[in-house]
Amino acid sequence: MEKSEETSSSSSSRPWESYHTVYTNAKAGMDGVDKEKVQRVVYEMSKGSKYFENEERKEAYMKQKIENMRAQRANLKPADLSHYQRIADKRIAELEATRDLTRTWLHVDMDAFYAAVETLSNPSLKGRPMAVGTMSMISTANYEARKFGVRAAMPGFIACKLCPELIFVPTDFKKYTYYSDLTRKVFQEYDPNFMAASLDEAYLDMTNVCKERDITVAEVTEELRQNVYKATGLTCSAGVAPNRLLAKVCSDINKPNGQFLLPNDRAAIMTFISSLPIRKIGGIGKVTEHILKDVFEIKTCEDLLQKSSFFCALFSPSSADFFISVGLGLGGTDAPQVRSRKSMSNERTFSATKDETFFHQKLVELSEMLSADMEKEGLHGRTLTLKLKTASFEVKTRALTLQSSIRSSKDILKHASKLLKAELPVSLRLIGLRMSHFNEDKDGTLSDPTQRTLLNYIKPGDDNTNLVDDEHSDVKDHCYTYTNPSRDPLSELNDNNEQVVEDNGLEDHECKDQLNAVKSSEFDPQGTETHSLEGRNQDQLTMIDFSENETGSSSSHHKEALIWLEDYKCSLCGVELPPSFLEERQEHADFHLAEKMQMEEESAHAYRNLPLKNRMRQKEAVVGQSKGRKRPKHSPSNGKHIPIDAFFSKASHNL
């Protein structure tokens, strides 16, 4: 009791001790930093701000999650733990059998890349604490600044408090891209199929080059680093290990301008893992770290194996496998398969503002960058997503899927502007654009031009019953996403974990359930959307809102939209995937979408194969059931929304 009161008293007199943010996490070059001082300064400078309020909401959410997990653990009986331990032992043996020690992977990470490029351009910055970014947000800091606790994703005004002599340099992504291309030319000499993880890091399979040249991996790594320096004037650090997961960890050990080699030996790997903090592993973020520590007392990767029974009991199979694999030191070893790119994006952070002219300038900049990136890889996309972070750090995404693929900055800007206009007025601190649904043939045409869309069934403004032709419309179907208040505003892993919920091939009754969500692309001066189907052209859009709230109240016939409950659990099947598993989550969403479309196609196919007499009987039965219900009268003039069934043809020949 006394100990509890003492802890509570200490917490009230030193409130910053319980204030945990990304700013206080250790990063390369910050080993000797006074963490308590940084934590106190961050707390004092953040207190009362919108960011602080958002962090408190996330902290409360995390504490509730921890309490729920503790309760679940407490309910496990000894017999249960014994049962799950047998399951865990079996899974450990199965995963151990997959261990591959025949490959040698290298992870290369440029040292403080943006800051190093700026110092190369301006030698007077050498040896002085410097950060790339603004007073609003820092993109990176050099090692001189990191000694004071300054780091990436930290607001500049907090960094100035920690380091009054800090020098700010604005970002220049064209310059960083240029130097990134130079490094990649060097990487290609050693592994033509290297994996670029970002502008400043890459994975290389060094197995073949070591065999072909009869050279040790330590020697070839040193040679690669020297060649990078000769080509760019920049230093890099490297990690060598039997798999990619461990190679990334190793590259951080001897930063800056160093390398670390982990032998292809199981005993050496297990020794290395035994003392490795769990937060060093990609995919284990702040929330997961706290759950593992506070609920299961897990601090190192070795602890993950010792508590493996709890993972099999309380986590999904995929999550349990991930934690057990980390405890065994297992990671990706196979050469990556050639896969088509899923998406391409960019975003910009700035001080919170309501300036609509400034928003437009940012959209122009982002559209040009996105268009240039797509053109570089010869891609055309159909789904455009607008990402917004409000002044209160609430993250929203708005998406639309076009009938025809686009790539030009003009087209991207046109549609992005319409998405943004629907949200105005608003105070923002971040705008981002993402393009997805790239065409495999990359020529800007639909992969399946015969696919029917919602517009096939919508009539123009007059009374004729002709169907709208796909070739004369620029729109397929549109969807919005739900707002995720628990999203980490700092995006420390750049996980981009907002979900885009898409639904192709809607049925008539589904659209009627969403009648208040049907909108055209025309807006009134207040930013609300008005309805006009007459004179529709390629510049006009039809958008259907599938937000979280409306999905919950839709028809029972409408399949529930996929969302990630508590930011990690699939609402449709319960599968758990961490936010950092970007490709896996996208593939999971695609699976549910494909499953739904296949079911609808099979149902439609079965109906078409029925004899005409049976089809007529089904129709008569449906009509008979609906006769007892009074059909509501629709009056477009009574509200802003015109009921969607007013646009559907009732002619029987459409059956």
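**Briefing: strands, a small set of pairings, and salt bridges**

Asp205 counts as buried, because its relative accessibility is 10% and the cut-off for buried is under 20%. This residue belongs to a predicted model. Asp205 also takes part in a salt bridge with Arg103. The points below start with that pair, then turn to other charged pairs and to the strands.

**The Asp205–Arg103 pair**

- The closest N and O atoms of Asp205 and Arg103 are 2.6 Å apart.
- Asp205 sits in strand S6 (residues 201-205), while Arg103 sits in the loop between helix H4 (78-96) and strand S1 (105-110).
- The two residues are 102 residues apart in sequence, so their salt bridge ties together separate parts of the chain.
- Arg103 is partly exposed, because its relative accessible area is 22%, and partly exposed lies between 20% and 50%.

**Other salt bridges**

- Side chains of opposite charge can pair when their charged atoms come close.
- How many salt bridges does a search of the whole structure find? The search finds 21.
- One of them joins Glu289 to Arg279, with the closest N and O atoms 2.9 Å apart.
- Glu289 is in helix H13 (residues 286-296), and Arg279 is in the loop between helix H12 (266-274) and H13.
- These two residues are 10 residues apart, and the pair links distant parts of the chain.
- Glu289 has a relative accessible area of 13%, so this residue is buried under the 20% cut-off.
- Glu347 and Lys387 also meet through their side chains, at 3.0 Å from N to O.
- Glu347 lies in strand S9 and Lys387 in strand S10, so this salt bridge ties together parts that are 40 residues apart in sequence.
- Is each partner buried or exposed, or in between? Glu347 is partly exposed at 22% relative accessibility, whereas Lys387 is buried at 4% relative accessible area.
- Arg91, Glu94 and Asp321 form one network, joined by salt bridges that share partners.

**Strand S12 and its partners**

- Why is strand S12 (residues 428-438) described as largely enclosed by the rest of the structure? Of its 11 residues, 10 are buried, so the description follows.
- S12 pairs with strand S9 (residues 343-353) in the antiparallel sense, over eight bridges.
- Across from Leu428 in S12 stands Thr353.
- S12 also pairs with strand S10 (residues 381-390), again in the antiparallel sense, over nine bridges.
- Leu386 has Leu433 in S12 as its bridge partner.
- In a regular strand the side chains alternate between the two faces of the sheet.

**A three-strand sheet and a helix**

- Three strands make up an open sheet with mixed pairing. Their order is S3-S2-S4.
- Which strands are at the edges? They are strand S3 (138-141) and strand S4 (167-169), and each pairs on one side only.
- From one strand to the next, the twist averages 30°.
- Strand S2 (residues 130-133) and S3 run antiparallel and are joined by three bridges.
- Val132 stands opposite Thr140 in S3.
- Helix H5 (residues 113-121) packs on this sheet and touches S2, S3 and S4.
- The direction of H5 makes about 110° with that of S2.

Technical notes:
Residues numbered from 1 in each chain as written. Predicted model: local features only at pLDDT ≥ 70, side-chain atom pairs only at ≥ 80, totals over all residues. Heavy atoms only, no water. Buried < 20%, exposed > 50% of the residue type's maximum accessible area, 1.4 Å probe, protein only. Helix = DSSP H or I, 4+ residues; strand = E, 2+ residues; numbered from the N terminus. Pairing = 2+ DSSP bridges. Axes fitted to C-alpha atoms, helices over the stretch in contact; angles between N-to-C directions. Contact = heavy atoms within 4.5 Å. Salt bridge = Lys/Arg side-chain N within 4 Å of Asp/Glu carboxyl O.
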